[in-house]
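Let's take a walk through a protein together, going from its overall layout to its sheets and helices, and ending at a ligand. Keep the picture open while you read.

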Amino acid sequence: MEDRKFLAIDLGAESGRVIVGILKDGKLTIEEVHRFINRPVDILGRLYWNVTQIFQDIKDGLVKAFSKYRDIESIGIDTWGVDFGLVTKEGYFAGIPVCYRDHRTDGILEKAFEVMSRERIYELTGIQIMQINTLFQLYSMVLEKSSLFNSAYKLLFMPDLFNFMLTGEMKTEFSIATTSQMYNPIRDGWEEEILEKFGIPKDLMPEVLPPGTVIGNLNKSIEEELGVKNISVIAPCEHDTGCAVVGVPGEGEDWAYISSGTWSLMGVELKSPIINNESLKANFTNEGGYNKTFRFLKNIMGLWLLQRVKREWAKEGEDLSYNEITRLAEQEKSFQYFINPDDVSFLNPPSMIKAIQYYCKKTGQEIPEKKGEIARCILESLAFRYKDVFTDLERILNKKISVLHIVGGGSQNQLLSQFTANILGIPVITGPIEATALGNIVVQAITKGAIKDVVEARKIIRDSSEMKVYQPQNTEEWIRNYEKYKEVTEKKN
Ligand code: ADP
Ligand code: LRH
């Protein structure tokens, strides 16, 4: 059989990558042609995404991919969620997109709940209430009477913005739209009550396409640069987590996943959303997915904590790799320091090391000083936080989950994977590392008729990927120490 080729552009909050997927004889191999650092830039105290540099990197990746493979059929972009750019009627950018970790939304939730209660916002959207969500970022602009906001013609989420740069089309897609907290998953449309109450014009919101739709062709000037013609740009799941979940090699009905990268997204795939008092209380999200599925999950602060301490150590002159940091953590004593990784103080502190030390001090613990102690504190605490969320998940679903898949860059952290198996008491299967790009590629392949459906896609991914199984060890000891973690983290709240 002839091979078929598709190109995924996967933009995470830590790095971006351009990956070619080659489908042949029921196997999917991937080749990373370009990888680049993605880091927001602080300008006069505001945190911006460097979108022009990202677009340059996308183009560099396209050049590398098409100069090697002339027969790539289509391109799909996925990115992190909630952020957006504003575009004027003439197609100019109304300002530089601001990063969701910018402090403009500090304290915004209290102000927003004066407009509409937490319960009503959740009832209408089914989305985990977080200050980073698009709704609250926009509301901060409404409150400051932003002239950029007032001059905007369309809001484009990050993947839409890059699709606009590639095709000239101003459209969005279901998975990224639902994540904004401005979309009603039951009525399946922009939520007008929310838009109206928060002063967001409905016209600002673009048309929403289902995942797997062709948005248009690459614009002529880019095609000329690449020396190709009629290359379609497809909306995969434009939200990276949507692609990651398509890329989970799960089988049967009783598996859950963690998409592990900058964030840890823990949950299950469902056919319809769960929006009730319990899911509200546990603050679980219902993000739209491929084929009208829903990702019922919780955003956990994730490896962002490790990213930040790594960067701080590098600034101090010790540029350690993730492997080296994990090895230092491994050498330290277990269960010495506990934090709640989801504490708001870890969202974007001036120093993550100091924020962790302050948390320990405030909760009456000893203070971690050594690198290994800090890293071990982060990894153990993440595993304990997974236990909190997993318990809520099983309770709300009223069923037992028998296996957990961890996918994404974080699945390479063997210590965290083992800790997770230990505390949950079930096997953890890790891999693929590039589940998001794989998910992106298989959605394109389904659109182009090269794969039948998601069930076949997941089988192909299973047959093509390296996976590792972690069996639980010392679960009783982990459960005993979970009690200590609970005592500390509940004290803080
Ligand atoms: P994102 O898509 O959010 O940018 P990734 O899926 O690329 O994130 O995952 C990035 C994370 O993966 C890093 O923050 C790091 O913790 C982890 N990681 C990357 N490489 C390794 C490695 N070699 N060993 C252990 N962990 C790793
Ligand atoms: C992960 C992710 C996640 C969040 C966030 C802002 O990359 O998309 O689903 O919502 O970034």
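Here is a tour of the main parts, starting with the domains.

A quick word first: what you are looking at is a predicted model. The domain assignment splits the protein into domain 1 (4-240) and domain 2 (248-431 + 452-493). Notice that domain 2 is written as two stretches of the chain. Taken over C-alpha atoms, the centres of the two domains are 25 Å apart. Where they touch, domain 1 brings 25 residues to the contact and domain 2 brings 23 residues. On the domain 1 side, the elements that supply two or more residues are strand S3 (27-37), helix H3 (118-125) and helix H7 (174-178). That side of domain 1 is made up of ten nonpolar, ten polar and five charged residues.

Strand S3 is a handy place to pick up the next part. S3 belongs to an open sheet of six strands, and if you walk across it you meet them in the order S3-S2-S1-S6-S14-S13. The pairing in this sheet is mixed. At the edges sit S3 and strand S13 (213-217), each pairing on one side only. From one strand to the next, the twist averages 25 degrees. For a closer look, try strand S6 (residues 72-79) and strand S14 (residues 232-235), which pair in the parallel sense over three bridges. Here you can find Gly-76 standing opposite Ile-234 in S14.

What packs on this sheet? Helix H1 (residues 51-68) does, touching strand S1 (4-11), strand S2 (15-24), S3 and S6. The direction of H1 makes about 140 degrees with that of S3. Helix H17 (residues 435-447) packs on the sheet too, and its list of contacts is S1, S2, S3, S6, S13 and S14. With the direction of S1, that of H17 makes about 135 degrees.

Now for a pair of helices. Two packed helices are described by the angle between their axes and the distance between the axes. Helix H2 (residues 108-115) and helix H4 (residues 134-143) pack at an angle of about 80 degrees, and their axes are 10 Å apart. Angles of 65 to 115 degrees count as roughly perpendicular, and H2 and H4 are therefore roughly perpendicular to each other. H2 makes the contact with Ile-108, Leu-109, Lys-111 and Ala-112, while H4 uses Phe-136, Tyr-139, Ser-140 and Leu-143. Sorted by type, the residues of this contact are six nonpolar, one polar and one charged.

There is another open sheet to explore, with seven strands in the order S17-S18-S16-S15-S19-S20-S21 and mixed pairing. Its edge strands are strand S17 (285-288) and strand S21 (468-470). The twist in this sheet averages 30 degrees from one strand to the next. Strand S19 (residues 403-407) and strand S20 (residues 428-430) pair in the parallel sense over three bridges, and Leu-404 has Val-428 in S20 as its bridge partner. Helix H15 (residues 371-397) packs on this sheet, touching strand S15 (255-260), strand S16 (264-270) and strand S18 (294-300).

Last stop: where does ligand 2 lie? Domain 1 and domain 2 both give residues to the shell around ligand 2, so ligand 2 lies between them. The shell has 15 residues, and the closest are Trp-80, Gly-81, Asp-240, Thr-241 and Trp-263. By type, the shell divides into seven nonpolar, seven polar and one charged.

Technical notes
Residues are numbered from 1 along each chain as its sequence is written. Chains are lettered from A and ligands numbered from 1 in the order in which they are written. This is a predicted model: local features need pLDDT of at least 70, side-chain atom pairs count only at pLDDT 80 or more; totals for chains, interfaces and linings use all residues. A residue is near a molecule or strand if its C-beta atom, placed from the backbone, lies within 6 Å of it. Ala, Val, Leu, Ile, Met, Phe, Trp, Tyr, Cys and Pro count as nonpolar, Asp, Glu, Lys and Arg as charged, and the others, Gly among them, as polar. Domain bounds come from an automatic or database domain assignment. Two residues are in contact if their C-beta atoms, placed from the backbone, lie within 7 Å. Helices (H or I, at least four residues) and strands (E, at least two) are DSSP runs, numbered from the N terminus. Two strands pair if DSSP finds at least two bridges between them. Axes are lines fitted to C-alpha atoms, for helices over the stretch in contact, and angles run from 0 to 180 degrees between N-to-C directions. Angles under 35 degrees count as roughly parallel, over 145 as roughly antiparallel, 65 to 115 as roughly perpendicular and the rest as oblique.
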